[in-house]
Amino acid sequence: MNKTILCIGAGYVGGPTMAVIADKCPEYKVIVADINAARIAGWQSDRLPIYEPGLEEVVKRVRGRNLFFTTDIFGSIKEAGMIFVSVNTPTKTFGAGAGKAADLQFWEKTARDIIEYSEDDKIVIEKSTLPVRTAAAMQRILSSNTKGLKFEVVSNPEFMAEGTAVDDLQNPDRVLIGGMETPSGAAAIQRVVDIYLHWVPRERIKTTNLWSSELSKLAANAMLAQRVSSVNSLSALCEATDANISEVSAAMGLDSRIGGKFLKAGVGFGGSCFKKDILNLVYLCEFYGLPEVAAYWEQVVRINDYQQSRFVGKMVRQMFNTIADKRIAIFGFAFKADTGDTRESPAIHICRLLLAEHARLAIHDPQALANARIDLAGAEGVEYCSDPYEAARGAHAIAVLTDWREFRELDYRKIFDEMAQPAFIFDGRNLLDHAALYELGFNVYPLGRRALSHLE
Ligand code: UDX
């Protein structure tokens, strides 16, 4: 049996997943291929192209042993028996379904490459998030080959969150493997199950049909995002009343049927998956003639946008209805702590809204400044500061947009003394010690809780 595994796409998903597979399955040869030479060079170097706690250790252990990075996609296709496809499926920006449906051109191109360069039968494993029934399209393209080859398509969605990717891979809640309900489909599923059995208990490996597996990925992310939007919608009500969203979340979360996770109010969810997956779900519902269901899920995204504009609206209102030409320090640009990733980060939208009010921004983030520069390229009035004290110096307000723990450790007395007065803190993640900041003289605006202001 061919024990060479190829992964096409060396991004956030492909790189860490293959590193862990190579680590746990020493008798397999694992190849990660990508057309992007700079990215491959990164994976071969001492400075990996992505930061994930624990990743470097795993990669260093297996690289050159049974994990290899290459730009030779065609040669690797020929060699491998199983091919994971982890190319990006961004949201379509054009044509039918623009703004919602997934753009599948990279996927289709990969399928055609697989046909062209294969010399024997292979299992093709879908690892990117794709709308339900894409695997059927894949199966059709692959079976249209005129070489007499047989390809089995398997869906194996990833459930790793950034910042905990390696741990999520090593100790997954569940592994989903979906395939065709035929004897050859079952055999293909089993080949993939065998890989995971090296380290995942059998009862956590769920095998399903293709469509369930694909839809479960979208459904899980939509349900998680819905919790965040639900709690964020309630945070607005808490601010209007005298309730405290942290207390409400804690009380709700104690109900074992609800559970405590993903109930933290904030400036909204970001990241590469949530919005994209929900919009995919919305598109699918519309496509299948279910407008009510589509509208229901679309509202989850709308509340997320609302939470961000609501946050900016509050800043402007509290700062005497004008922030034009005021310096505002932005603490945190990444979509969550422990990552440099800024895809769909609420900070992007919030900063743009602040700039539209003619504020001047001084952005600090421990990992995400390089991405922030790209996201706000061309915007005027933005400074990027590697030092938080420099960002806050002379600022009228600080807006905390990412839950980086180190923001708690800063010397806020020093920061207060160097800020314009009256000094404001808008804590979009309820991260800081609000009572202590108020004592120092700050006017503190938490999220979903009563403000602590010296001005009223
Ligand atoms: C997510 C899913 O968790 C993962 O299973 C999936 O495969 C990919 O998408 P990720 O995007 O890395 O992972 O981030 P996650 O930790 O899930 O957080 C998503 C967003 O929700 C972040 O912006 C986070 O700040 C926000 N969030 C999360 C809240 O605002 N409140 C919470 O209580 C939890």
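Helices (H or I, at least four residues) and strands (E, at least two) are DSSP runs, numbered from the N terminus. The model treated here is predicted: local features need pLDDT of at least 70 and side-chain atom pairs count only at pLDDT 80 or more, while totals for chains, interfaces and linings use all residues. Residues are numbered from 1 along each chain as its sequence is written.

**Exercise 1.** Place Arg343 in the chain, and decide whether this residue is buried, exposed or partly exposed.

*Solution.* Begin with the chain itself, where Arg343 belongs to the loop that links strand E9 (327-331) with helix H13 (346-356). A residue is called buried if 20 or more other C-beta atoms lie within 10 Å of its own, exposed if 12 or fewer, and partly exposed in between, with the C-beta atoms placed from the backbone. Arg343 has 19 other C-beta atoms within 10 Å, and is therefore partly exposed. Next look for its contacts, a contact being a pair of residues whose C-beta atoms, placed from the backbone, lie within 7 Å. Leaving aside residues up to four places away in sequence, Arg343 touches Gly271, Ser272 and Phe335. Finally, Ile330 is 13 residues from Arg343 in sequence, and their C-alpha atoms are 17 Å apart in space.

**Exercise 2.** Describe the open sheet of 8 strands, and say which helices pack on it.

*Solution.* Two strands pair if DSSP finds at least two bridges between them. Read in order, the sheet runs E3-E2-E1-E4-E5-E6-E7-E8, and its pairing is mixed. Its edges are strand E3 (67-70) and strand E8 (205-209), each of which pairs on one side only. For the angles, axes are lines fitted to C-alpha atoms, for helices over the stretch in contact, and the values run from 0 to 180 degrees between N-to-C directions. With direction ignored, neighbouring strands are turned by 25° against each other on average. Helix H1 (residues 14-24) packs on the sheet, touching E1, E2, E3 and E4, and its direction makes about 170° with that of E2. Helix H8 (residues 183-196) lies across E4, E5, E6, E7 and E8, and runs at about 160° to E7.

**Exercise 3.** Follow strand E6 and find where its residues point.

*Solution.* Consider the pairing before the side chains: E5 and E6 run parallel and are joined by 5 bridges, and Val124 stands opposite Val153 in E6. Of the 5 residues of E6, 5 are buried. Phe151, Val153 and Ser155 point one way from the strand, whereas Glu152 and Val154 point the other way.

**Exercise 4.** Which residues of helix H6 are buried, and how are they arranged around its axis?

*Solution.* In helix H6 (residues 134-143), the buried residues are Thr134, Ala135, Met138 and Leu142. Seen down the axis, they fall within an arc of 95°, taken from the directions from the helix axis to the C-beta atoms, so they line one face of H6. Their cover includes helix H5 (105-117), E5, E6 and helix H9 (210-240).

**Exercise 5.** How many residues surround the ligand, and which are the closest?

*Solution.* A residue counts as near if its C-beta atom, placed from the backbone, lies within 6 Å of the molecule. The ligand is surrounded by 19 residues, the closest being Ala161, Lys264, Phe269, Gly271 and Cys273. The largest share of this shell, 3 residues, comes from H9.

Methods: Contact = placed C-beta atoms within 7 Å.
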